[in-house]
Amino acid sequence: GGLGLRLPLIVRLPDVLKNRVESLHSAFESAIQDQCYESHYQGVYPVKCNQDRLVAEDIVKFGAPFRFGLEAGSKPELLLAMSCLCKGNPEALLVCNGFKDAEYVSLALIAKKLALNTVIVLEQEEEVNLVIDLSNKLSVRPVIGVRAKLRTKHSGHFGSTSGEKGKFGLTTTQILRVVKKLQDSGMLDCLQLLHFHIGSQIPSTALLQDGVVEATQIYSELVRLGACMKVIDIGGGLGIDYDGSKSGNSDLSVSYGLEEYASAVVNAIRIICDRKSIKHPIICSESGRAIVSHHSILIFEAISATVNTPAMNQIDLPLIIEGLSEDARCDYWNLSDAAMRHENETCLLYADQLKQRCVEQFIEGSLRIEQLADVDGLFDLVSKVIGAAEPARIYNVNLSIFTSIPDFWSIGQVFPIVPIHRLDEKPEVRGVLSDLTCDSDGKIDKFIGGETSLLLHELEGNDGGANGRYYLGMFLGGAYQEALGGVHNLFGGPNVVSVLQSDGPQSFAVTRVVPGPSCADVLRMMQHEPELMFETLKHRAEEFHVEDHDNDGTNYATLISSLARSFHNMPYLK
């Protein structure tokens, strides 16, 4: 509040980011020592997971002691990575993935000229021609990698990019043709890295080992063919436990921790290399989700909620009876008799029949809206009294799901969401979350544990909660959500703050504040010109002779000031 920021708000915790980088490195180092592996581990962070400047810069800074690098999959990501790694460890890898044209390859070769430890990974067979031609023109000796299209595949949602029909990578036939082209060009010594990717959220170490074994066999064959192989890049796939189940049977969890993951990788590579009498390669991984997911918390508020059941004194029973058809009156009196006899199931049956007959009457025009509303209230009251399950309430939240939680809308990804205050009170209301957008998909009705509603507190205030403030947090959303979020209904991203531990009285310090985009900012994204729009509206006010004092007391200056503020403010509700 002291910073003048509105919700929604993303809180970044760089200390958590640092811990994740250190923990990943430590897990691999322990496995390497335990298994007498004769090389080392150095990871890269795939910037596509979260391209925020401070996130990338922090990872390079925190990872510098471990030679931690970056992975890029496009030209702007490559420019980002090049700039950040200028301040990183000179041995840190800059892995260039993704589809490539001449400009992309030239940029990667320039990075090599700038003494960045750059590897151009061939995703498509024809890219080798570009690399050979441009490296000769620029007089740069490149380091080249190939991405292998493995047979190993996992069956979950995130496994669709792996296997023989995967989007990326070269088949064994294509790899052999690439080797031949490099050999004919006198550049086979440039081939030094093998890359593969089984898929995100690898569910078990058994599947992981299958993929690593297959890839290491390919690596050993490349060594046999004369390539100067040095690095095996196992790609991404290190999963996180979204639902706490530690299960390998769900896209929401994995059955291993960092230590088991690292141990499985090191063991699989070591066994194959020892069997083939091959020098142990440097192990690289491209873990993104596992590094950045935990460090970011989305905080938002519920601003109102539906109230399902009216009180008995709010229902006008004589008004209901007044306009009922004979059949409906019969249902009403049967309901009353069943209630006197405490026959709950019969009560519900007659209440439902009464409601349906009244809906039919209303559609025919023989029942007023006040009567229909009272019948709806009576049905809800009967349901509550006899103990029927109350439908989940709708909590309206000051948020755009399409902007801040796009993976829920697009692929059904579930994140942990919980109230973050009133934690000394038991939540007893079942609710779903409905966002601000004018879109029926703008709701969250799936939660951890397979639940279709969330346990929440009753909102404070007599008007459904509009006078109270009810804060919720979404966790483990630090990967992909900001990068994928759009501006549906022109709701831009939230405010962002970075928070570090400190020795001060609050035990933390806000170290960075980035205001979210204003209405003017999101309008510019769609090619509108807010300054011209403001002038148009200003002239409109002059054209229609808005005097200093309108009948309602609003003067011209106040009107113009209000318009200006609307462009400056964020799109979310105050």
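According to UniProt, in an unreviewed entry, C438 carries the feature "active site". In this predicted model, C438 belongs to the loop that runs between strand 13 (429–434) and strand 14 (443–444). The residue is classed as exposed, because its relative accessible area is 72% and the exposed class begins over 50%.

A second annotation concerns a lysine. The unreviewed UniProt entry assigns "modified residue: N6-(pyridoxal phosphate)lysine" to K48. This lysine is located in a loop as well, with strand 2 (44–46) on one side and helix 2 (53–63) on the other. K48 has a relative accessibility of 44% and therefore counts as partly exposed. Once neighbours within four places in sequence are set aside, the contacts of K48 are E77, Y480 and A483.

These two sites are set in a protein chain that contains 19 helices and 18 strands. Its C-alpha trace extends over about 95 × 70 × 55 Å along the principal axes. The chain has 574 residues, of which 50% count as buried. When contacts between residues at least 6 apart in sequence are considered, 76% of them join residues at least 24 apart.

The confidence of the prediction can be stated for the chain and for one stretch within it. The mean pLDDT of the protein chain is 90, and 92% of the residues reach 70 or more. Over residues 462–466, by contrast, the pLDDT is below 50, and this stretch has 9 contacts in the model beyond near neighbours in sequence.

N97 offers a view of a buried position. It lies in the loop connecting strand 4 (93–96) with helix 4 (102–113). With a relative accessibility of 4%, N97 counts as buried, because that class comprises values under 20%. The side chain of N97 forms a polar contact of 3.0 Å with the side chain of E71. Apart from residues up to four places away in sequence, N97 touches E71, A72, G73, Y104, V121, E123, H195 and E286. E71 thus appears both as the partner in the polar contact and among the residues that N97 touches.

The second largest pocket draws on several elements of the chain. Its space amounts to about 440 Å³. The pocket is lined by 25 residues, and those closest to its centre are I10, E482, G493, P494 and V496. At least two lining residues come from each of strand 1 (9–12), strand 10 (296–305), helix 14 (401–404), helix 16 (481–484) and strand 18 (508–514). Strand 10 makes the greatest contribution to this lining, with 3 residues.

Further along the chain, C519 is part of helix 17, which covers residues 519–525. Its relative accessibility is 21%, so C519 counts as partly exposed. The boundary with the buried class is set at 20%. Outside the residues up to four places away in sequence, C519 touches S566, F567, N569, M570 and P571. The C-alpha atom of C519 is separated by 24 Å from that of L433, a residue 86 places away along the chain.

Three details of the backbone remain to be described. As a general background, most residues other than glycine have a negative phi, and most peptide bonds are trans. The peptide bond from L7 to P8 is cis, with omega near 5°, and P8 is placed in the segment before strand 1. C36 has a positive phi, near 55°, although it is not a glycine. This cysteine is situated in the loop between helix 1 (14–34) and strand 2. Its relative accessibility of 60% means that C36 counts as exposed. S139, likewise a residue other than glycine, has a positive phi near 55°. Its place is the loop between helix 5 (127–138) and strand 6 (144–147). At 67% relative accessibility, S139 also counts as exposed.

Note on methods. Residues numbered from 1 in each chain as written. Predicted model: local features only at pLDDT ≥ 70, side-chain atom pairs only at ≥ 80, totals over all residues. Heavy atoms only, no water. UniProt positions renumbered as here; feature names shortened; annotations may be inferred. Helix = DSSP H or I, 4+ residues; strand = E, 2+ residues; numbered from the N terminus. Buried < 20%, exposed > 50% of the residue type's maximum accessible area, 1.4 Å probe, protein only. Contact = heavy atoms within 4.5 Å. Polar contact = N/O pair within 3.5 Å; in protein donor to acceptor, adjacent residues only side chain to side chain. pLDDT = per-residue confidence, 0-100. 1 Å grid on protein atoms, 1.4 Å probe; cavity = no way out; pocket = protein on both sides within 12 Å on 5 of 7 lines; lining within 4 Å. Points joined across faces, edges and corners; volume = space filled by probe spheres on them.
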